[in-house]
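Colleague: I would like to go through this model and ask what lies behind each label. Please set the values against the cut-offs.

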Amino acid sequence: MTQLTDLKFKEKKNLFIPYIMSGDPSPEATVDVALTLQEAGADVIEWGVPYSDPLADGPVIEQAANRALEKGMNIIRAIELVKEARNRGLTVPVVLFTYVNPVLRVGEKDLVNKLGEAGIDGLLIPDLPMEESGSLRSLTKEKGIALISLIAPTSKKRVVAIARQSEGFLYLVSSLGVTGTRDSFESDLTGLVENVKKVTDTPVAVGFGISKREHVKKFHTIADGAVVGSAIVRFLNERKDQLTGPEKEKALRELKGFVEELIS
């Protein structure tokens with residue numbers, strides 16, 4: 001099983017990192033979807049935790065979070081789902097995407113222990129400032145779990161500090177604002193990636209708004225990877241009835257085809 005801290009992972013190119021919302025359209029479907037994404041070629045899976053007051057999520061992912069919350073999904077259950085997926089054969093690295101509040105409610109130490117027990121490789125918290133991440137970073141390091149750092153187009157004065165402490169992969173936010181499909185991106189991303197690469201060998205993955213094959217290809221030429229979230233979450237929501245009913249296998253085949261087209 002490849003881990004984010006492995007040298008082999010650092011050497012990978014053209015990373016494809018899909019995001020899913022745990023519990024949407026159902027907990028069982030989340031595991032099925034994760035295994036299908038692995039089969040389709042995902043290198044890492046971002047495993048979203050539903051949260052009622054998300055800072056970075058656009059409407060598609062926010063609505064998915066609300067649906068998952070209505071079904072009783074929470075951070076502990078999301079972690080348990082990863083463990084279920086591991087037991088069913090999921091081997092690609094998994095990064096838990098959550099916010100500070102759920103982490104504090106569980107407790108940093110207890111949460112990190114649960115991440116380790118579930119076989120989770122990374123933790124991404126978009127509303128955790130670098131300056132306040134020290135205690136959590138110490139705990140994740142002890143467990144070999146990467147605390148993923150984010151860099152936005154507005155982070156220019158802090159790029160070096162963020163990049164130097166980066167682990168696993170660096171999440172480069174493509175545009176200002178929240179997640180969601182879009183057609184235009186910040187124009188200076190190439191220069192930003194080059195500056196990051198001068199101070200770290202951590203792979204750089206671009207996210208926010210990537211929804212088409214041409215987007216993925218574009219960012220694979222600029223950076224080491226592309227993160228696709230809203231497009232996949234929307235695709236799954238359009239097939240929620242099939243994914244939770246007798247046509248599940250058909251919907252999963254369609255998902256596999258959709259992802260293979262994105263990364264072809």
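Colleague: What makes Tyr-99 count as buried?

Modeller: Buried means under 20% relative accessible area, exposed means over 50%, and partly exposed is in between (1.4 Å probe, protein chains only). Tyr-99 has 1% relative accessibility, so Tyr-99 counts as buried. Tyr-51, with a relative accessible area of 15%, is therefore buried by that cut-off as well. This is a predicted model, in which local features need pLDDT of at least 70 and side-chain atom pairs count only at pLDDT 80 or more, while totals for chains, interfaces and linings use all residues. Residues are numbered from 1 along each chain as its sequence is written, and side-chain values use heavy atoms, with hydrogens and water left out.

Colleague: And Thr-5, what is the label there?

Modeller: Thr-5 is at 47% relative accessibility, which lies between the two limits, so Thr-5 counts as partly exposed. Thr-5 is in the segment before α1 (7–10). Its C-alpha atom is separated by 7.4 Å from that of Glu-167, 162 residues apart along the chain.

Colleague: How many aromatic pairs are there?

Modeller: Rings of Phe, Tyr and Trp (its six-membered ring) pair if their centres lie within 6.5 Å; planes under 30 degrees apart count as stacked, over 60 as edge-to-face, and the rest as tilted. The count by this rule is five aromatic pairs. One of them is Tyr-51 with Tyr-99, at 5.3 Å centre to centre and 25 degrees between the planes, so this pair is stacked. Tyr-51 sits in the loop between β2 (45–48) and α3 (59–70), and Tyr-99 in the loop between β3 (94–97) and α5 (100–106), so the pair links parts of the chain 48 residues apart. Helices (H or I, at least four residues) and strands (E, at least two) are DSSP runs, numbered from the N terminus.

Colleague: Why is the pair of Phe-97 and Tyr-99 called edge-to-face?

Modeller: The Phe-97 and Tyr-99 centres are 6.0 Å apart and the planes make 75 degrees, so the pair meets the distance limit and is edge-to-face. Both residues are buried. Tyr-19, Tyr-51, Phe-97 and Tyr-99 form one aromatic cluster.

Colleague: What makes Arg-239 lie over the face of Phe-235?

Modeller: A charge sits over a ring if NZ of Lys or CZ of Arg is within 6 Å of the ring centre and within 35 degrees of the ring normal. Arg-239 is at 3.6 Å from the ring centre of Phe-235. The charged end of Lys-218 sits over the ring of Phe-219, at 5.7 Å from its centre.

Colleague: How do you know which strands pair with β3?

Modeller: Two strands pair if DSSP finds at least two bridges between them. Four bridges join β2 to β3, so these parallel strands pair. Three bridges join β3 to strand β4 (residues 122–124), also parallel. Glu-46 stands opposite Val-95 in β3, and Leu-96 has Leu-123 in β4 as its bridge partner. Val-94 and Leu-96 point one way from β3, Val-95 and Phe-97 the other way, and all are buried.

Colleague: Why would the protein chain be called a compact globule?

Modeller: The radius of gyration is taken over C-alpha atoms, and the globule rule is 2.2 Å times the number of residues to the power 0.38. For 264 residues a compact globule would have a value near 18 Å, and the protein chain has 17 Å, so the two agree. Buried residues make up 55% of the 264 residues.
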